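Me: I would like to learn how to read a protein model that has DNA beside it. Could we take a few features one after another, beginning with the DNA?

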Amino acid sequence: MSWRPSKDSARGCSQYNICRGERRYSHFSSSDFYSSLRLEDFLSVGDTSGTEEDTDSAILYGTLRGSVVGLRYYTGVVNNNEMVALQREPNNPYDKNAVKVNNVNGAQVGHIKKELAAALAGIMDNKLAIVEGVVPYGAKNAFTMPVQMSFWGREENKEAVLDQLKRHGFKLAPPLKGSECGFGSKWISGRSGPSYSAPVHAAVQLTTEQLKSEFDKLFEDLKEDDKTCEMEGAEAVGTLLLPHQKQALAWMISRENSNDLPPFWEERSNFYYNILTNFAEKQRPKNVLGGILADDMGLGKTLTVIALILTNFQDGKPLPVEKITSDKFFEESGTNSMNSVGRRLCKDSSNVMEPGVSDVKKFENAPLKYSSCLPKRDKAKKPRYSGSSDLGESEEWLFQQTETTSCVIQEDAGFASVLLPSSACLKRPAKRKGTASVQSVEKKYADGGPRATLIVCPLSVLSNWIDQFEQHIHQDFHVNIYVYYGSDRNKDPSVLSEQDIVLTTYNILATDYGIRGDSPLHKVKWLRIVLDEGHTIRNPNAQQTKAALNLEGHRRWVLTGTPIQNSVKDLWSLISFLKLKPFTDREWWHRTIQRPVTMGAPGGLGRLQSLIRSITLRRTKTSKVKGKPILELPERKVLIQHVTLTEEERQIYQSVKKEGRAAISRFFSEGTVLAHYADILGVLLRLRQLCCHPHLCMNTSSSFSADNKTPEEPREILVSKMKLVLSSGSDEECAVCLESLTLPVITRCAHVFCKPCIFEVIRSEQPNAKCPLCRSELRVEHLVECPLEEEADSTKGKKSDQEWISSSKINALMHALIELRRDNPAAKCLIVSQFTNFLSLIENPLKESGFAFTRLDGSMAQKKRVEAIQCFQSSQAGSPTVMLLSLKAGGVGLNLTAASRVFLMDPAWNPAAEDQCFDRCHRLGQKHNVVITKFIVKDSVEENMLKIQNKKRELAAGAFATKKPSASEVKQTKINEIKALIDL
DNA sequence: ACCGCCGGGTGCC
DNA sequence: ACCGCCGGGTGCC
């Protein structure tokens, strides 16, 4: 049932990205604001088997003493007070009611005695309660042992559970004091029965506020102690690390080379004890040789990881990579550089080389693993360092089609970074022309063990990684990087395992994994696995999570800026990925950490904290190292400049507003607001455009199609509605996954979702799937995909036929620009808008007033973008002082620090999108204070947008541990926003 | 003795 | 299991 991206759908995706821009910060987007709404909240899907214990609302019904029998048949052992797991065994040939008893390690200890099992079976099978056990004493018994059971469930199931037990002659005892949270098994060994105490309600339940501040502390106190050692990167790291990056590197290396026991384990007389579960075993539990790097974005997680890869290979030695040195031998021998390079790239990595000329010969004879790696057309004069089987003839290949980060194969630039649409080898630029040779460095210890680091990231940051490799791997070193992406990715595991770095996406990972037995990524033993944006796997039931958890490799890292996004729950997948015993099993995580924390049990947070502390490094932009801020950025000021429309502009605006408001209030009175969401966005879009320039909304068709019988809209209208939603800059998220839309599709009822998300809804709700937003009928065959290509900008060119006129906002801008030039001729600025047409309109007066400007928007090819950026960043006299920038162009990697002024021409729905844009110049390397001017038209939708932005900011700030809103709350919020926007 | 008692065989679900 | 339970052997004191 896994959904498989095709080439076409990938292009669809790119199309989307061109319209919508980057999605990288979706965790800062309104999805944050809506907190952690999950599918299960409004659909009964989620875990199809329904095993999803609603862990947060579970209460303790009571306890019961029972016995474990058949001990002598099994090898699993327990200690007194050790937790045990009770597991139904419906296929037991002797008793269909059988309940197994397993120790923390999963080894079977025995069975629940059959009479009791008969009572438990129904309860467990129907998920009426979760039954947990602790062996209070008698752990060394030969035949049977007691087990103290706790029954947990939702309030409404309590009666049914008690009843079921009663029918079998059992009665729950009230909760034992100290056992409420199922940990710390406090039973005193001995024959006397448990001492009953009055039922204790969930210990001190922390308020949301308290929880939030506790969580904050959780990650704030992490910076001290051993995490301030610094370490230099290996020679192959081409960038000098900042102090905090050196610290991170030192910390990561110490984690990877650590011999420590994992948290909560102690060595006690030849045994290793887990102090949470009281489990003990002879075998030393493995600590994760990794952890969570949870630095705020902008602190250089990517660079740090690159440094880690290059610096810490085996035995604390750097990755043995070939150093490229100038070598006359090549020229003299007439060896074609392409060949030499191709072999370098493709040779069998087990071939051990010694430095020196003789190596070249060895090298020549090195077996080629995939000889077609070389481009066939080798007339190129410049060295080419990579290629792929089907590079073909084209000059440029669009590698990845996000607006911001597409990469192209550069055939003739001075560097040889060749990226393919799919599988690609990536090489460092060669400094020298014509020839290059290879000096093999200390390959001796590379044999045998795993070599490759796997990096998994969301598609949207794939190219950022590539950029960063380009930037930070020293030019003289050859690092084999394979981008495992696209339908023609090379599925030979041995090709992957020979690489230094394999880069792929969560989607590829999940797709491969879904095809049984055919996941090369899962056949390789990785030296190291890095999950970028690791909170991507926070849903334990998602295919990509399962796929990630099943990767093999001892060094395991999670990179994330938002380790606890909404609750402790989100941490489990990460911890499980790190393979920290015993938390890989959700039951132990839940019993020992999650429940104690959410129920506010004493010590619960302490545990979580020490767990996190031991495996996490987190610094924020405001963190300090030795009293000094980690990043010293110049000040950033945001000014709001109000603009008043001219009489004429105001008239047009009011008439459109009047018409739109009438329509929208009709939707309200009909109760069809959500059904007309796209139409409403259209109205708002036109108003926003009118605030900028009257020409902008000229050919946005009035989309109130004659008679809006929602469920039957024809395809073309749906497509245009979807485009409207996507291009309106409203930052719509998919109501299912709450992330920005991936591969958007529109339903008949005109709601837009990610294709994979809505497919999953339909699959799990079949045969009568309903639209998550309006509950209309949902069918796969009615979904309409966003058609590819045909850039929205086609309108742009034609528009310019019109005679150019100015607008109030343009006037305000030009006034500010000229003033700026007068005061500081060298100052550079960004002019940012969501509407690329608007940027085009602005070009006119810029030319007239003699500004040298450049432009960066999503429609530009990578080559042009690079040019535009370099040109703008240049400090040469005569270099452009103005850059026209579309709001969402460029990823985190985009560095526009040459600018110290930003003019934001129109507000975005989502304040985070604005902030990210500002961060492109207000970031490491900025020397000046940054002043941002937001132009806001008075008495317009823009002012209302500001208000909503502020509300979102407030909510985002407080949304840390608050309860997730329900679907209806989400809807209501949207409706309220609409009302506020159009003054209803 | 259609019982009691004895003692050996036996033992999860 | 130094138990319980089962079922065969046995049978006054």
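Reply: Let us begin with the parts of the DNA that face the protein, keeping in mind that this is a predicted model. Of the atoms of DNA strand B within 4 Å of the protein, 50% belong to sugar or phosphate, while the rest belong to bases.

Me: Which residues are closest to DNA strand B?

Reply: DNA strand B is surrounded by 13 residues, and the closest are R72, Y73, Y74, D95 and H111. On the phosphate side, a polar side-chain atom of R72 lies 3.5 Å from a phosphate oxygen of the strand. On the base side, an N or O atom in the side chain of Y74 is 2.8 Å from a base nitrogen of DNA strand B, and an N or O atom in the side chain of H111 is 2.7 Å from a base oxygen of that strand.

Me: How should I read a nonpolar core, and which residues have the most contacts inside the largest one?

Reply: In soluble globular proteins, nonpolar side chains tend to be buried together. Here the largest nonpolar core has 83 residues, and W465, W526 and W589 are those with the most contacts inside it. Helix α8, which spans residues 301-311, gives the most to this core, with 7 residues. Leaving aside neighbours within four places in sequence, W589 is in contact with several residues, among them V568, W572, F583 and L611.

Me: What is the order of the strands in the open sheet?

Reply: Strands of a sheet pair through backbone hydrogen bonds, either parallel or antiparallel. In this open sheet of 6 strands the order is β23-β31-β30-β27-β29-β28, and the pairing is parallel. The edge strands, each pairing on one side only, are β23 (636-643) and β28 (853-856). Within the sheet, β27 (residues 828-833) and β30 (residues 899-904) pair over 5 bridges, and I831 has F903 in β30 as its bridge partner.

Me: Where do I find unusual backbone geometry, and is F264 buried or exposed?

Reply: Most residues other than glycine have a negative phi, and most peptide bonds are trans. F264, however, has a positive phi near 75 degrees, and its place is in the loop between α7 (243-256) and β7 (265-268). F264 counts as buried because its relative accessible area is 10%, which is under the 20% cut-off. D315 also has a positive phi, of about 50 degrees, but D315 counts as exposed, at 67% relative accessibility. Finally, a cis peptide bond joins K581 and P582, with omega about -5 degrees, and P582 is found in the loop between α17 (571-577) and α18 (586-598).

Notes. Residues numbered from 1 in each chain as written. Chains lettered and ligands numbered in written order. Predicted model: local features only at pLDDT ≥ 70, side-chain atom pairs only at ≥ 80, totals over all residues. Heavy atoms only, no water. Core = buried A, V, L, I, M, F, W, Y, C linked by side-chain atoms within 4.5 Å. Buried < 20%, exposed > 50% of the residue type's maximum accessible area, 1.4 Å probe, protein only. Helix = DSSP H or I, 4+ residues; strand = E, 2+ residues; numbered from the N terminus. Contact = heavy atoms within 4.5 Å. Pairing = 2+ DSSP bridges. Near = heavy atom within 4 Å. Polar contact = N/O pair within 3.5 Å; in protein donor to acceptor, adjacent residues only side chain to side chain.
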